[in-house]
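Colleague: Could you take a close look at one part of this model, the surroundings of the ligand, and then place it in the rest of the fold?

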Amino acid sequence: MSQSKICVYPWSHVNINPNGDVWPCCHQRGDQMRVYGNFKEDDIDTIFNSESARELRRSMLQGVLPRDTCIKCIEYEKIGIKSARLWANLQPWAKEIIDNIPNTTKDDGTVENYKIKFWDLRWSNLCNMKCVMCSPDWSSLWVQEIKNKLENFDDKTIEKENMLRAYKQHIKHDTLKIRHLPNKQFIDNHINDVEHIYFAGGEPLIMDEHWYILNKLTELKRFNVKIKYNTNMLKLDYKRQNAIDLWKNWDYLKLSVEGSIDETGKRAEWIRTGTVWETVEKNIKQVRDTGIQTFSNTSVGCYNVIRLPELIDELYELYYSPTNKKAQVNLNPVHNHWCSIQVLPDALKRDILEKTKSWESKTKSKTNKIEAIYHELQKPHDPDKLKMFWKRSSWLDLNKDSTLFDHIPEFAELNDQTGNQYEKFRDDWIEKSLSKRISSTNSNLCSSVSY
Ligand code: SF4
């Protein structure tokens, strides 16, 4: 067996998605994602040795990383970047599994006596926020938001308007999401083997199954299991338990609470709708001061890149403390076309780039992947994306008490400079709507329309 193209994930990992689909990992890319099976239809032990899983293993055993699944790792390795595969193969539990492949794996790719060491759990879209860059796939509140908004339009308008038609199609699939696991057998059967868990969602801290696992690990005193969260930090308690009481059993480096925090104050409340900044800020401080490792995972799009240096300094100051010395702000560019950095005009992007580079040479704030943001800032402006930004933002603001401009005033100026497209789209939405049921408040622009 050639080990050169082995990735330990197909022998030791599952990535479970909100619709129940089980993938080899979250790094796969391609038009046709490899799905081992569906958690709603089969148990994990059947899925782990499904034809799709066996075929992936067979390919790796023959020295081939399949391009349809592993293209991202292939490309990264070609240009010398550490791929997810290389990272996974270096994990402490990986060597034994890889060395044992000849003993555990049959010619057809079936693996016997496997141990699922790394669980990537995103098994529900249950969420208490509807962030602007998100979608019904990942947030149950988004499903509700779309249902409510579509009620403002008749079927003919929805059919004619691409954006509304696409939303209508999208929420049809909501019934496919797993709100709760059909049973907890997977957890009970594999809890003694797990070494690493990644909780995401949806919002993991409002999911029953998350608490079940955390309590189970605590009962078993398995505080050596590495845990990582992606959470919006709005809620730390659930059914009379507080996460901090359990988290503090883990060593600082074994557990990391990564907050999806893209802005502070009122700005955060528009970007991640549902945010109560006072609560989020209090929760971050509480976790930080308890000595639990915590970071900010900041998605950077057109709505927050405009004040990137100030934002990073504010977040770093919030996260850093003598009990959280490893604090840093992880930066990830948003790629959704309507809110990516490319929405902004070139002159504005150039100013931001210059300002951020000069700030970077002086700041004490620690960041990760700022180069990725510089890269995005150098991409050319796309007028269609800007148009979509105004269109979607005006739609999101319908029936709300405040608008984008109340939260992020810089956009009022941009709107003036780019032909007041926000109002044009807003008026168009109102025109197309079933009147008396839709409204838009826009105090900063001195016009208020309500029916
Ligand atoms: S090689 Fe990369 S894409 Fe393929 S299974 Fe491993 S981590 Fe995932």
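Modeller: What follows starts at the ligand and then turns to the sheet, two helices and one loop residue. This is a predicted model, in which local features need pLDDT of at least 70 and side-chain atom pairs count only at pLDDT 80 or more, while totals for chains, interfaces and linings use all residues. Residues are numbered from 1 along each chain as its sequence is written.

There are 16 residues around the ligand, and Cys7, Cys25, Cys70, Cys73 and Arg85 come nearest; a residue is near a molecule if its C-beta atom, placed from the backbone, lies within 6 Å of it. By class, the shell holds 10 nonpolar, four polar and two charged residues. Here Ala, Val, Leu, Ile, Met, Phe, Trp, Tyr, Cys and Pro count as nonpolar, Asp, Glu, Lys and Arg as charged, and the others, Gly among them, as polar. Helices H1 (9-12), H4 (67-78) and H5 (84-89) each supply at least two residues of this shell, and H4 gives the most, with four. Helices (H or I, at least four residues) and strands (E, at least two) are DSSP runs, numbered from the N terminus.

Next, the sheet. Strands E1 (residues 13-16) and E2 (residues 21-23) run antiparallel and are joined by two bridges; strands pair if DSSP finds at least two bridges between them. Asparagine 15 has tryptophan 23 in E2 as its bridge partner. Both strands belong to an open sheet of 10 strands with mixed pairing, in the order E3-E2-E1-E4-E6-E7-E10-E12-E13-E14. E3 (37-38) and E14 (367-368) stand at the edges with a single partner strand each, so one side of each is left without a neighbour in the sheet.

Threonine 110 lies in the loop between helix H7 (101-104) and strand E4 (118-121). With 16 other C-beta atoms within 10 Å, threonine 110 is partly exposed; 20 or more would make a residue buried and 12 or fewer exposed, with C-beta atoms placed from the backbone. Leaving aside neighbours within four places in sequence, threonine 110 is in contact (C-beta atoms within 7 Å, placed from the backbone) with Asn49 and Arg54.

In helix H8 (residues 140-150), the buried residues are Ser140, Leu141, Trp142, Val143 and Glu145. They pack against strand E5 (130-131) and helix H10 (162-172). In helix H20 (residues 383-397), Phe389, Trp390, Lys391, Ser393, Ser394 and Asp397 are buried. Just after H20, asparagine 399 takes a positive phi of about 65 degrees.

How values were computed. Contact = placed C-beta atoms within 7 Å.
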